[in-house]
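Here's a quick tour of one model, from overall fold to confidence. Have the viewer open while you read.

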Amino acid sequence: MAEQQEQAAQDPVMARAGQAIMLHRAGDREEARNRFLELWTEIGEDGDPLHRCTIAHYMADTQDDPADELAWDLRALTAADVLTDERLEEHHQSLAVRAFYPSLHLNLAADYVKLGREQEARTHLRKARGRLGVLGDDPYGDGIRAAVERLELRLGA
């Protein structure tokens, strides 16, 4: 934990993103959304892929409109596609980009369900399911696997 805090302190954008994440988890969606938007404006569409992926991923969760949530989740996926393991290891040694994809595709599937676009939802749910093998046997991996199963049941997949 101390190592993660030290690495975040070395990257002020990630530290500020972490603060916004804590605000969101504490129930202050509006302030979290404002802070994520401020960060996004600072880093820009062509900024560091780790920053863009992180901010967009969590910004999506603060949206009230499912179409806006989808747009942010698509931004997160686009950023992940250009994020390298080397860049990610600079932030945290135990992370790999491939482990992001089950969650990213799961989020997109859930967005498409909210928008009544079941075919796109099924496509992303298949992509999430297909990448579950990269997840560890830990609470995070268990949570993603369970969420995929719940969404599959909901869609009758």
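A contact here means heavy atoms within 4.5 Å. By that yardstick, residues 24 or more positions apart account for 55% of the protein chain's contacts with a separation of 6 or more.

Some ground rules: this is a predicted model, where local features need pLDDT of at least 70, side-chain atom pairs count only at pLDDT 80 or more, and totals for chains, interfaces and linings use all residues. Residues are numbered from 1 along each chain as its sequence is written, and side-chain values use heavy atoms, leaving out hydrogens and water.

The protein chain has nine helices and zero strands, taking helices as DSSP runs of H or I with at least four residues and strands as E runs of at least two. Its 157 residues would give a compact globule a radius of gyration near 15 Å, and the chain's 15 Å agrees; that radius is over C-alpha atoms, and the globule rule is 2.2 Å times the number of residues to the power 0.38.

| Property of the protein chain | Value |
|---|---|
| C-alpha span along principal axes | about 45 × 35 × 30 Å |
| Exposed area (Shrake-Rupley, 1.4 Å probe) | about 8,600 Å² |
| Carbon and sulfur share of the exposed area | 49% |
| Residues that count as buried (under 20% relative accessible area, 1.4 Å probe) | 44% |

How confident is the predictor? pLDDT, its confidence in each residue from 0 to 100, averages 92 in the protein chain, and 92% of the residues score at least 70. Over residues 1–6 pLDDT stays under 50, and the model has two contacts beyond four places in sequence for them. Where pLDDT is low, don't read the predicted coordinates in detail.

Notes:
Buried < 20%, exposed > 50% of the residue type's maximum accessible area, 1.4 Å probe, protein only. pLDDT = per-residue confidence, 0-100.
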